[in-house]
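Ready for some practice? Have a look at what comes next, then work through the exercises.

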Amino acid sequence: MADSASVVPAPARWLLRRLCDVRYRDIVEGDVTELFYLRVAAMGRWRATWWACRDAISISGTGYGLPTLSQRKRKETFMHFVRDLRHAGRALIRTPSFTVVVLITLALAIGANTVIFSVVDGVLLSPLPYVEPEDIAVVQQLGGELNDEGPSGASQSLFLEWRENGRAFDQLAMYSMESATVTSLEEPVRMNGVAVSPTLFGILRVEPVQGRTFAPNAELPGNDDGILLSHGAWQRYFGSDTTVVGTTLRLGSRLRNILGVMPAGFAFPDASIEYWVPMLATLPESMTVSIGADEAPPSPPQGQRRETRTQGGPGGPGGPDGGDGPEGPEAHMELWGRVVGRLAAGVSPAMAAEEGTTILAGLDDQSSDGTVWTAEVTPMQEQMVGSVRGPLLMLMGAVGFVLLIACANIANLILARSVERRKETAVRAAIGAGVGSLVRYTLAESLLLTAAGGVLGLAAAVFGLRAISSLGPDFIPRLDEVSIDPGVLGFTLLVMAATALVFGLLPARAAAKLDLNRALKAEFGTATGIGRSGFRRLLVTVEIALAVVLLVGAGLLVSSFIRLTSIDVGYDPENLLHLNISLPATAYPDAESHLSYYDQLVERLEALPGVSAATVASQTPYAPANIRIAISAQSRDEAPDPDARPVPVGVRMVENGYFDAIGVSAADGRVLDRDDRPEDRPVAVLSRAGAEAMFGDPNPVGEELDFIGGQRLEIVGVVDNARTAGVDPTPQADIFLPYRQAPAQMVPMLFRTAQVLIRTDPAPLSVLPSVRAALREIDSQVLVISASTVRDRVADSVAEPRFYASLVAAFALLSLTLAAVGIYGMLAYVVQQGVRDTAIRRALGAPVGQILGGVLREGMGLAVVGLTAGIVGAFFLMRTLESMLFEIEPTDPMSFAIVSVIFLAVALLAVWVPARRATRIDPMEVLRYE
Amino acid sequence: MLAVRARGNDAYGVTVQQTIEASASRRVTLGAVYSALERLERKQLVRSRMGGGEAKQGGRRKRLFRLTSLGIDTLASARDARDVLWGLAEVNDG
C-alpha cells in the first residue's frame with residue numbers, strides 16, 4: 001500500500017481518508033488512482049488533481065462514503081433504543097411477579113374497554129345499514145289512556161291522512177309484526193314476518209337480490225298475495241334454490257307468490273323476521289279483524305280503545321296467523337301499526353311531529369272521545385337503541401373507571417420499582433449515562449409493557465366480545481353487528497398510548513430528577529428514600545375512591561337484581577311446563593272447535609303420569625296480557641258518572657281450572673270453575689291491581705262492569721296480583737274471563753295460539769316427550785311453537801338487569817382487586833424503604849405492636865381517606881343509575897354500608913401482609929448489613 | 001447500463017466513467033458513477049464481484065460489474081420501446 005499511496009495526490013488522499021468508508025477505501029482509491037493518471041494524460045497534473053479531489057468528495061454521497069453525521073446519530077439512537085429494549089426485556093423477565101401483575105392489569109383493563117367500546121360503537125354510534133339512515137324516522141301517536149302503555153305506533157287513519165296530505169315525509173310506510181305457519185314445506189314451520197306498506201323498501205332503499213319487491217298497488221285488496229323471503233329463510237327452507245321466485249307458498253290459509261329474496265343482512269325491523277307481506281292500506285267500512293297484526297288494536301263501538309300488544313318476550317313470537325283471511329266478527333275497528341318514513345329534505349323530526357299533531361287534530365274519529373292526540377317523530381336509530389343508551393353509557397363509565405384505576409396502579413407499581421432501583425440508576429448515571437438515556441430506558445420499559453399488555457388485551461377483547469355475543473342478550477339491539485373494527489382497534493391503541501405516556505413519563509421524570517449523591521449515599525434505603533411517596537399516596541387514594549364508586553354501583557345493581565328475582569310472582573312457577581301451540585285455521589274455524597280441542601287436550605294431559613293439572617290460557621302468567629282494553633267500571637251503588645275515565649286492563653282468557661293449575665286461589669270470592677258455562681251469566685275474576693284500578697276498591701266482588709259487545713260481567717272473585725318479572729314488574733291490572741263466555745269479538749284474537757300450562761310432579765321437562773306424543777295423537781296438525789319450563793322463562797325475563805349487574809359486578813371486583821394490589825404494593829415498599837428505621841426502633845426496644853400499629857395506621861389511613869372520597873363521589877354519581885334500579889334508592893344507606901365494610905376488610909388484608917413483614921424485621925441482621 | 005454492457009467483462013468504476021464521459025461528452029465524477037451502479041445493483045439489473053489487482057490501480061483490487069439477465073432483458077425492452085417510438089416519430093415526420 002505504501003507504494004500506491006504515493007500515486008494518489010495528497011489532497012485527494014486526505015479527503016478519502018475522511019469521507020470514504022474504510023471497508024471500501026481500497027476499491028475507491030484504486031479507481032481514483034487510475035482515473036487520475038488517465039486525466040493527467042488528458043488535462044495535465046493540476047486539473048487532474050482538482051478532479052481527483054472532486055471525485056473524492058463525490059464519494060461521500062454514495063454507499064462507499066461514510067454515513068453523514070445526522071444519519072449516524074439516528075442510527076446510533078436507534079441502536080441504543082434497541083439495546084434499551086433488550087435490557088428492559090431482560091429486567092422484566094428477572095422480576096416476573098411485577099411483570100405478570102402489570103401485564104394482567106393492562107390486559108384486563110384494555111380488554112374490557114375494547115369490548116365495551118366495541119359494543120357502544122356498534123350499537124349506538126355506527127349508522128344503521130341503510131342509505132342515508134339519518135332521514136329515516138319513526139312515528140308515534142300519543143294520547144289518551146294509552147300514553148303510559150309504552151310505544152305502540154300510530155293509527156292507520158293518521159298514516160293514510162298523513163301520507164295523502166302531509167309534506168314532512170317523502171314516503172311513509174306502515175308495518176305490523178305477525179307470525180304464521182307455512183304448511184307447503186315438508187313439515188309445517190312457524191315463521192316470523194311483518195306486513196308492510198309497499199313503500200317500505202323505497203324508504204329503506206333496499207333492493208332484493210332476486211326478483212322484485214311489492215308493486216305500489218300491492219296494498220289494495222286482491223293484489224296483496226305476494227311475499228318476500230329473508231335471505232336466511234331462503235337458505236334454510238329452500239336450500240338457496242335460485243328458482244324459488246315465481247313459486248308459491250302456503251302461509252296460514254293463503255297461497256302466496258314468492259316475489260323476491262332480500263339480501264343477506266337485511267333485517268327489518270329485526271333479525272328474527274323471515275318474510276314480508278303487503279299490508280292493506282284501506283279497510284272496508286265493516287272490517288274484519290286482521291289478527292295477523294299483533295298490534296292492531298281495534299277500537300270497539302263504545303269508543304273504548306283496544307290494543308293488542310306484542311306477544312314477544314318469554315312467550316316467544318306468538319301472534320296469531322297473519323294473512324289468514326277475512327274471518328271474525330264485524331265491527332268498526334281501527335288498525336294500529338308502526339309507522340316509519342323518510343323525512344323530506346330539510347325537515348327535522350320536530351317539524352314533522354308538528355305536522356302530524358295538526359293532522360291528528362283534524363281527524364274526527366281520533367278525537368271523538370275527547371282525547372288529545374299528539375304525534376312524535378323520532379329518528380329510527382334513536383328509537384331502536386334509545387332504551388339501551390343509558391345502560392351502555394353506564395357500562396362505558398364503569399369500564400373507564402377500571403382503566404383509570406389500572407393506570408394509577410401501574411404507575412404506582414412502576415414508581416415503586418423505580419424507587420427500588422434507585423441505586424442501579426444512580427450507578428448508571430455515575431458511570432456516564434445522561435438524563436436522556438435514563439429517560440429512554442424507562443420509556444423502553446413502559447413501551448414493552450404496553451405493547452405486550454395491548455396484545456394480550458386485544459386477545460382478551462376478542463374473547464370477551466365473543467362471550468358477550470354468545471350470551472346474546474337480545475335486549476341489546478344490533479349486537480350481531482358488533483365486531484372489533486379498525487376504529488375500535490384505533491381506540492385500543494390510543495388507550496395503550498395514553499397508558500404508556502401516563503406510566504412511562506412518571507418514572508422517567510423521577511429518573512431525570514435523580515439526585516446522584518443522595519441516591520448513592522442512601523445505602524440500603526432509609527425513610528428519606530421514598531421521595532415521591534406523597535404522589536404515590538395520592539395515586540392510591542384516587543384508585544381507592546374510584547374502586548369504591550364502582551363497588552357502590554355494583555352493590556346497588558346487584559341488590560336491585562336480587563330484589564327483582566326474589567319478588568313473589570303471585571303464582572307457583574316451580575314444576576310448571578309451558579307450551580305455546582297453534583291450531584290450524586282451516587281445521588279450527590270457530591270457538592266451538594277450539595273449546596272442544598282444549599277440553600280433549602286438558603283431559604288427555606291430566607291422564608298422563610306425572611301430570612297433576614293442565615290448563616289453557618291466552619297468555620302465560622309471567623308475560624303481560626297480549627290484549628289490553630280500556631274499561632270504565634262503576635259501582636252498582638253509584639249513579640252513572642259521565643266523567644268516569646276508562647282504565648286500561650289486560651284481558652286474559654283462561655280455561656276453567658287455570659287458577660288451580662298455576663297455584664293461585666281466590667283472595668276474595670271465588671275463582672273461575674267448570675260450572676261457568678256459556679249459557680250462564682258472564683263472570684270475571686280481577687287481579688287485585690285490576691280491582692283497585694277499575695273500582696277503586698280492593699274487593700269489588702258482586703260488582704258489575706260493561707265489557708265489549710254489550711256484555712255485562714259480574715265480578716265473582718279477586719286474586720292476588722301476579723307479577724311479570726322484569727325491569728319494571730309493576731303489578732298487572734288484569735281481568736280473567738272464561739274462554740267459554742268469550743264475547744264474539746275476542747274469539748279470533750284469543751284462540752288461534754294458546755298457552756298450555758302443565759303442573760307436573762317430576763321435573764317438568766321429563767314429562768315433555770309424553771306431552772308432545774299426546775298432542776300428536778289428538779291432532780298432528782297442531783303446531784308446538786315453543787316448550788319450556790316457566791321457571792326458565794321467569795329467569796330469562798330478568799336477563800337484562802342480570803346482564804348489567806354481573807358486568808358491573810365483574811368490573812367492580814376487578815377494581816377492588818386492583819385497589820388492593822395498589823395498597824399492598826404501596827405499603828410493601830414503604831416498609832421496605834423504612835427497614836432501617838424500623839430496625840433501629842426495634843433495637844431501641846419499641847414493642848412489636850407499635851410497629852404493626854404504625855404500618856396499619858398508615859395503610860388504613862389511606863384506605864379511609866379513599867373510601868370517604870369514593871362514598872361522596874358515589875353519592876352524586878349513583879343518581880344516574882336510578883332508572884336501572886328496582887325498589888332501591890340510589891343512595892341506599894345499606895348498600896353504602898355493606899360496600900364500606902367489604903372494602904375495609906379487603907384493605908385490611910392488603911395492609912396486614914406488609915405490616916406483619918415490618919414486625920418480622922430482625923434488627924441485628926439489618927444493622928449489621930448497614 | 002449500456003456503459004456496463006459496452007465494457008463487457010471489464011466494467012468497473014473507471015471504465016464506466018470513461019465510457020459515459022466519452023459518449024456524453026461531459027465530465028462525470030466517480031461518485032455519480034458509483035451511486036448509479038449502486039441503484040442498478042439494488043434493482044438487480046447488474047451484479048458485482050471483486051476482480052484481481054492491477055498495476056494501474058496501484059495493485060488494488062477493483063469491483064467489476066456485469067448485467068444480470070434481468071438487466072439484459074430490461075435493456076432490450078427499453079431499446080424496443082425507444083425504437084417503436086422513433087418509428088412512430090419518423091412516420092409522423094414523413
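**Exercise 1: the layout of chain B**

Task: work out what chain B is built from and in which order.

Solution. Start with the tally: chain B has 4 helices and 2 strands (helices, H or I, are DSSP runs of at least four residues and strands, E, of at least two, numbered from the N terminus). Next, put them in sequence order, and you get α-α-α-β-β-α for chain B.

Before going on, note that this is a predicted model: local features need pLDDT of at least 70 and side-chain atom pairs pLDDT 80 or more, while totals for chains, interfaces and linings use all residues. Residues are numbered from 1 along each chain as its sequence is written, and chains are lettered from A, ligands numbered from 1, in the order in which they are written.

**Exercise 2: where chain B meets chain A**

Task: describe the side of chain B that touches chain A.

Solution. First, the head count: 19 residues of chain B and 22 residues of chain A take part in the contact (C-beta atoms, placed from the backbone, within 7 Å). Then find the contributors: α2 (13-24), α3 (30-42) and β2 (61-67) of chain B each bring at least two residues to that side. The top giver is α3(B), with 6 residues.

**Exercise 3: a strand and its partners**

Task: find the neighbours of β3 (residues 169-182) in chain A.

Solution. Strand β13 (residues 336-343) runs antiparallel to β3(A), with 6 bridges (strands pair if DSSP finds at least two bridges between them). Here L172(A) sits opposite G341(A). Strand β4 (residues 189-196) is also antiparallel to β3(A), through 8 bridges, and Y175(A) has V196(A) as its bridge partner. Finally, a hairpin of 6 residues links β3(A) to β4(A).

Conventions
Contact = placed C-beta atoms within 7 Å.
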